[in-house]
Amino acid sequence: MKIAILGGDGFVGWPTSLHLSDQGHEVHIIDNLSRRWIDAELGVQSLTPMDSIQERTRIWKQETGNTIHFHLIDIAADYQVFKAWLADNRPDAIIHFAEQRAAPYSMKSDQHKNYTVNNNVNATHHLLNAMVELDLDAHLVHLGTMGVYGYSSVGAAIPEGYLSVDVETLGGDKAAQEILYPANPGSIYHMTKCLDQLLFQFYAKNDGLRITDLHQGIVWGTHTEQTLRHKQLINRFDYDGDYGTVLNRFLIQAAIGYPLTVHGTGGQTRAFIHIQDSVRCVELALRNPPQKGDRVKVFNQMTETHRVRDLAELISRLTGAKVAYLPNPRKEAAENDLVVENKQFLELGLNPITLEDGLLTEVVDVAKNFSYRVDRSRVPAVSAWTKDIAEEIEHDPEHPRLKSVS
């Protein structure tokens, strides 16, 4: 297949591009490189040294003989340029990663809220709008988030996208309905993913677009089979307070002798998936597209759930690091349960990599090998959800409250 990967230079986009190229697909990365510009804005860098996208694709060609094409296009800003590219190339499938992906970054300031909404919603709508205008019957696979569901504790498993309900009619009878699971975003970033769901629902119903939406959990790990083939193919690894995912952050904190920073009680339960499984799920979704006229196909792309404090204790036992409990910059429940259905990917053959499989040691080694690149001042999570919460957040990475446990 000819596959366009929007946002193919990013944390999940890059290993997905390599994985699909390795399978013989013709891969085209479309990216505005905004994630690299955000690094410059925040004054932080990937823990792992990243070459330019041109150099990465050159190394891939050298190692495999396969060409990955790169196109510098901002799909949120340059609609006509993007539409012209789609018209000229007419891909068989489109994978959409091209959105600002960090909840803390989206809550950093009013400017960051505006950027996240404008970038994410425009990118998705431009894509859908162009596909209809060009009569392009490509299978669209979008990377969404488990965060669209919120983190309720109602004692029932979260289904894969849809909820069956009975509605009482005016005559007193019960009418069966199937609706999108109620959206409950926890940040501006999550809200844009909820808006994406409605855009997908409309365009699938109105124009017959074939769409798969992957509601992904928090990704951990950094290596995939393909990124291990050459040191210059390595994936990015974010450790900072805005873009670092919780497990990767704990591992780098342990590697530099910094306490593991748990926010609130650590009773928040989250869904997780290893980066290798993430790219496998995209492949499985591509192989099993919906038919024209079908509703949007939704998968819960996660493999396990854990409480944050349990993860901290696991890393502490593994590395000897101490744990520090700090005020929570997020506005969320202190404790929550999370039960999630994920039968579809398992039935399609996914054999999940779990935390018990020993890969944590591999990630610890990555963290230790590149710990010299860490800026300790970027480790604390300081983007607060409200102005009141912001006053309680500790910005000093060397504050006695942290030093006392390290």
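The following legends describe close-up views of a predicted model.

**View 1. Strands β1, β2 and β3 pair in the parallel sense**. Strand β1 covers residues 2-6, and strand β2 covers residues 26-31. These two strands run parallel and are joined by five bridges. One residue pair to locate in this view is L6 and I30, since I30 in β2 is the bridge partner of L6. On β2 there is also pairing with strand β3, residues 68-72, again parallel and over five bridges. Here D31 has L72 of β3 as its bridge partner. Strand β2 is mostly covered, with five of its six residues buried.

**View 2. A β-α-β unit is formed by β1, α1 and β2**. Helix α1 comprises residues 13-22. Together with β1 and β2, helix α1 makes a unit that is right-handed.

**View 3. Helix α2 has a buried side and a face turned away from that side**. Helix α2 spans residues 34-42, and its buried residues are S34, R35, I38, D39 and L42. Why do these residues lie on the same side of α2? They cover an arc of only 155 degrees around the axis, and therefore share one side of the helix. A general property of helices helps in reading this view: an α-helix has 3.6 residues a turn, so residues three or four places apart point the same way. The exposed residues W37 and A40 are carried by the face of α2 that is turned away from the buried side. The buried residues pack against β2, α5 (residues 103-106) and α6.

**View 4. The two ends of α2 are flanked by residues with positive phi**. Before the helix, L33 is found in the loop between β2 and α2. Although L33 is not a glycine, its phi is positive, about 60 degrees. L33 counts as buried because its relative accessible area is 17%, and the cut-off for buried is under 20%. After the helix comes G43, whose phi is also positive, near 70 degrees.

**View 5. The largest nonpolar core contains 41 residues**. Which residues touch the most other members of this core? They are L86 and I94. Elements that each supply at least two residues of the core are β1, α4 (residues 79-89), α6 (residues 110-133) and α7 (residues 188-207). The largest share, six residues, comes from α6. A second, separate core has 36 residues, among them I38, Y239, L355 and A367. Of these, I38 was also named in View 3 as a buried residue of α2.

**View 6. L86 is in contact with residues distant from it in the sequence by more than four places**. With residues up to four places away left out, L86 touches P91, I94, L127, A130, L134 and L136.

**View 7. I94 is a buried residue of strand β4**. Its relative accessible area is 0%, so I94 falls under the 20% limit for burial. I94 and I3 are 91 residues apart in sequence, yet their C-alpha atoms are 5.7 Å apart in space. Apart from neighbours within four places in sequence, the contacts of I94 include A4, L6, L86, L127 and M131. Further contacts of I94 include L136, A138, H139, L140 and V141.

**View 8. R90 is a residue with positive phi in the loop between α4 and β4**. Strand β4 covers residues 93-96. R90 is not a glycine, but its phi is positive, about 40 degrees. Is R90 buried or exposed? With a relative accessibility of 38%, R90 counts as partly exposed, because this value lies between the 20% limit for buried residues and the 50% limit for exposed residues.

**View 9. K193 is a buried residue of helix α7**. The relative accessibility of K193 is 5%, and K193 therefore counts as buried. Not counting residues up to four places away in sequence, K193 touches E99, H142, L143, G144, T145 and V148.

**View 10. Two buried cysteines are shown, in a structure that holds zero disulfides**. C194 has a relative accessible area of 8% and is therefore buried. C281 is likewise buried, with a relative accessible area of 1%.

Notes: Residues are numbered from 1 along each chain as its sequence is written. This is a predicted model: local features need pLDDT of at least 70, side-chain atom pairs count only at pLDDT 80 or more; totals for chains, interfaces and linings use all residues. Side-chain values use heavy atoms; hydrogens and water are left out. A disulfide is a pair of cysteine sulfur atoms within 2.5 Å. Buried means under 20% relative accessible area, exposed over 50%, partly exposed in between (1.4 Å probe, protein chains only). A nonpolar core is a set of buried Ala, Val, Leu, Ile, Met, Phe, Trp, Tyr and Cys residues joined through side-chain atoms within 4.5 Å. Helices (H or I, at least four residues) and strands (E, at least two) are DSSP runs, numbered from the N terminus. Contact means heavy atoms within 4.5 Å. The arc is that of the directions from the helix axis to the C-beta atoms. Two strands pair if DSSP finds at least two bridges between them. A crossover is right-handed if, with the strands pointing away from the viewer, the path from the first strand over the helix to the second runs clockwise.
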